[in-house]
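Trainee: I have not looked at this structure before. Could we go through it by question and answer?

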Amino acid sequence: MENIQLKKVTLNDIDQLQKIGRQTFFETFAESNTEENMKEYLEKSFSTEKLHSELSNTNSEFYFALEEDTVIGYLKINFGASQTELKDDKALEIERIYVLKEFHGKKVGQLLYEKAIQIAKETKADYVWLGVWEENHRALAFYKKNGFVEFDKHIFRLGNDEQTDIMMKLQLKL
């Protein structure tokens with residue numbers, strides 16, 4: 001996929017971010033969750049207000065993967081206090097890597113992942129961490145292939161459903 005470009009997302013891109021965020025989350029999880037829980041999560045997590053707040057946060061960054069001018073995936077990373085859980089100044093969290101289903105297997109996720117690792121190294125992070133739903137076997141295999149190891153679990157709420165996320169870490173420095 002040599003024609004894939006990565007672009008930092010700005011407030012001007014909020015509509016595209018909302019669209020790709022909702023679409024990729026739905027494609028990934030709709031068949032495993034109730035319609036009500038999906039609807040509630042998509043409305044709350046990808047509301048214009050929430051995305052505006054996240055895009056305005058200097059400790060969070062979003063990147064689009066583009067094929068020509070079409071957004072086909074995205075990455076969200078967090079630093080310091082913006083991390084969803086650990087809030088370690090020496091860490092970078094990959095909160096989201098999502099790619100449209102039609103582009104799965106075409107190295108788009110790998111490009112977004114490599115961007116996150118590049119930023120982690122540039123910011124001198126000691127390690128990168130993330131949470132993956134225990135039922136998302138594709139994502140678990142992807143991160144294991146890239147050297148991540150499990151270190152904990154936490155609960156992720158999707159509507160009224162409590163789900164278990166596997167927390168994974170990639171050590172960059174000893």
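Trainee: Which residue in β3 does L66 stand opposite?

Mentor: Keep in mind that this is a predicted model. Strand β2 covers residues 60-67, and strand β3 covers residues 70-79. The two strands pair in the antiparallel sense over eight bridges. In that pairing, the residue opposite L66 is V71.

Trainee: In β2, what is the bridge partner of Q5?

Mentor: Strand β1 takes in residues 4-8, and five bridges join β1 to β2. These two strands run antiparallel. The bridge partner of Q5 in β2 is L66.

Trainee: How many residues of β2 are buried?

Mentor: A residue is buried if its relative accessible area is under 20%. Strand β2 is mostly covered. Of its eight residues, the number buried is seven.

Trainee: Which residue in the turn between β2 and β3 has a positive phi?

Mentor: β2 and β3 form a hairpin, with two residues between the strands. A phi of about 55 degrees is found in this turn, and it belongs to E68.

Trainee: What span should helix α1 have, at 1.5 Å a residue?

Mentor: Helix α1 has 16 residues, from 14 to 29. The expected span is 1.5 Å times one less than the number of residues. The end C-alpha atoms of α1 are 22 Å apart, which agrees with the expected 22 Å.

Trainee: How many aromatic pairs does a search of the whole structure find?

Mentor: Rings count as a pair if their centres lie within 6.5 Å. With that search over the whole structure, the number of aromatic pairs is 15.

Trainee: Y113 and F148 form an aromatic pair; is it stacked or edge-to-face?

Mentor: The centres of the Y113 and F148 rings are 6.0 Å apart, and the angle between the planes is 65 degrees. Planes over 60 degrees apart count as edge-to-face, so the Y113 and F148 pair is edge-to-face.

Trainee: How many residues apart are Y113 and F148?

Mentor: Y113 is in helix α4, while F148 is in the loop between α5 and β6. The pair therefore links distant parts of the chain, though Y113 is buried at 5% relative accessible area and F148 is buried at 3%. Along the chain, Y113 and F148 are apart by 35 residues.

Trainee: Which residue has its charged end over the ring of F151?

Mentor: The distance to the centre of the F151 ring is 4.8 Å. The residue in question also lies over the face of Y127, at 4.4 Å from the ring centre. That residue is K169.

Key:
Residues numbered from 1 in each chain as written. Predicted model: local features only at pLDDT ≥ 70, side-chain atom pairs only at ≥ 80, totals over all residues. Heavy atoms only, no water. Buried < 20%, exposed > 50% of the residue type's maximum accessible area, 1.4 Å probe, protein only. Helix = DSSP H or I, 4+ residues; strand = E, 2+ residues; numbered from the N terminus. Pairing = 2+ DSSP bridges. Phe/Tyr/Trp six-rings, centres within 6.5 Å; stacked < 30°, edge-to-face > 60°. Lys NZ or Arg CZ within 6 Å of the ring centre and 35° of its normal.
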